[in-house]
Structures are given as C-alpha cells and as structure tokens.
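Visitor: Before we talk through this model, could you show it to me? I would like to ask why its parts are described as they are.

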Amino acid sequence: MEADPREVFVSFLRREGLHVTRARLAVLQGLAQLPKHFEAAELWGALRPRVSAATVYRTLELLERAGLVRKVEFGEAHAHYERVFGREDHGHLVCRRCGRVGEFAVGAARRAVEQAAQALGFALGEVVIQGYGLCPQCRAQEEPRV
Ligand SMILES: [Zn+2]
Ligand SMILES: [Zn+2]
C-alpha cells in the first residue's frame, strides 16, 4: 500500500528541520486540482491569493525532494511537473511541435529497466520512459495531401 502523501511530506519536513505550515500543506492539497501535467504557474493559479507565489515555488521544490512530485521534461522552455503518488507508473509520448503529451502503461518496458538495473547492480528508483515525435494532429498538417 502507498504511504499517505501528507504523512510523507510531514515527515520529510521534520527530517529537514522545516516547519509544517498551513501554506505548505495547502500546496500539497492544491495538486489534486491540477491536470496530470502542470506548470508551477498553474499550481500558483489554483492557490492564489491564499498562498504567495514564492511559497508555492519553494514548496514545489520541497515536494520534488520529498519524492511526491517529479519534474518532467517535455522539451519546452518551462518545466512541467506531475504528481508521483496515487498514479500508476507510465510513459510519455511528447509531440515536438505542439507539446501534446500522451501517456501509456509501461509494464514490459519497466521490466526491461528492472532487469538492467539488477544486471548492473543499481538500486532502482523511479522509471521514466519517454518518446518524442509528432502527434496525429501535427502529422495531419505535415503530410502532403494526395
Ligand atoms: Zn502535435
Ligand atoms: Zn505523466
């Protein structure tokens, strides 16, 4: 069973010698209102004016270090984030042109990474499988009509 994200965050803050504040917990709760992949600005948008932008950005870093959020790189200037808890491991297919992101189950690919980790003596953490290409909409624009 997965640990409760609130407990994970609280024990992380205590371990780091940081205060468990209402604002920090509000940022964690704010994640539930966001789409699967979000930008820091969207998180602040969901929390303002209750929580300051500076607190949102700093807390997002803390959540990342606590392993509750991960940064996902979609080849765009601004970083995207996603929740790690309460979700299945999944892969991303990223459209290079419009940034659309598709998700898929990674069962077999994950097993390949696990086997490689075992063979190379790695203690495996998260697995991120990501491909880049053109989404159907962008392909339709690209391909010459016949
Ligand atoms: Zn596209
Ligand atoms: Zn995702």
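Visitor: What phi does glycine 99 take in the hairpin of E4 and E5?

Guide: In this predicted model, glycine 99 takes a positive phi near 85° in that hairpin, where five residues lie between the strands.

Visitor: How do you know that strand E4 and strand E5 pair, and in which sense?

Guide: Two strands count as paired if at least two bridges are found between them, and E4 (residues 90–95) and E5 (residues 101–105) have five bridges, in the antiparallel sense; the pairing criterion is therefore met. Within this pairing, histidine 90 stands opposite alanine 105 in E5.

Visitor: What makes the pairing of the sheet mixed?

Guide: The open sheet has three strands in the order E5-E4-E6. E4 and E5 pair in the antiparallel sense, whereas E4 and E6 run parallel and are joined by four bridges, with leucine 93 standing opposite glycine 131 in E6. Strands of a sheet pair through backbone hydrogen bonds, either parallel or antiparallel.

Visitor: Why are E5 and E6 called the edge strands?

Guide: E5 and strand E6 (130–133) each pair on one side only, and they are named as the edge strands of the sheet. From one strand to the next, the twist averages 20°.

Visitor: Why are helix H2 and helix H3 called roughly perpendicular?

Guide: The axes of H2 (residues 22–30) and H3 (residues 40–47) come within 10 Å and cross at roughly 110°. Angles of 65 to 115 degrees count as roughly perpendicular, and H2 and H3 are therefore described in that way. As for handedness, H2 passes H3 in a right-handed crossing, and the contact is made by Ala26, Val27 and Gly30 of H2 together with Leu43, Ala46 and Leu47 of H3.

Visitor: How many residues of the contact of H2 with H3 are nonpolar, polar and charged?

Guide: By class, the contact has five nonpolar residues, one polar residue and no charged residues. Gly counts as polar while Ala, Val and Leu count as nonpolar, so the polar one is Gly30 of H2.

Visitor: Where do the domains lie along the chain, and how many residues of domain 1 are in contact with domain 2?

Guide: The domain assignment gives domain 1 (1–85) and domain 2 (88–146), and their C-alpha centres lie 24 Å apart. Six residues of domain 1 are in contact with seven residues of domain 2, and those on the domain 1 side divide into two nonpolar, two polar and two charged.

Notes: Residues are numbered from 1 along each chain as its sequence is written. Chains are lettered from A and ligands numbered from 1 in the order in which they are written. This is a predicted model: local features need pLDDT of at least 70, side-chain atom pairs count only at pLDDT 80 or more; totals for chains, interfaces and linings use all residues. Axes are lines fitted to C-alpha atoms, for helices over the stretch in contact, and angles run from 0 to 180 degrees between N-to-C directions. Helices (H or I, at least four residues) and strands (E, at least two) are DSSP runs, numbered from the N terminus. Angles under 35 degrees count as roughly parallel, over 145 as roughly antiparallel, 65 to 115 as roughly perpendicular and the rest as oblique. A crossing is left-handed if the near helix is turned anticlockwise from the far one by less than a right angle, and right-handed if clockwise. Two residues are in contact if their C-beta atoms, placed from the backbone, lie within 7 Å. Domain bounds come from an automatic or database domain assignment.
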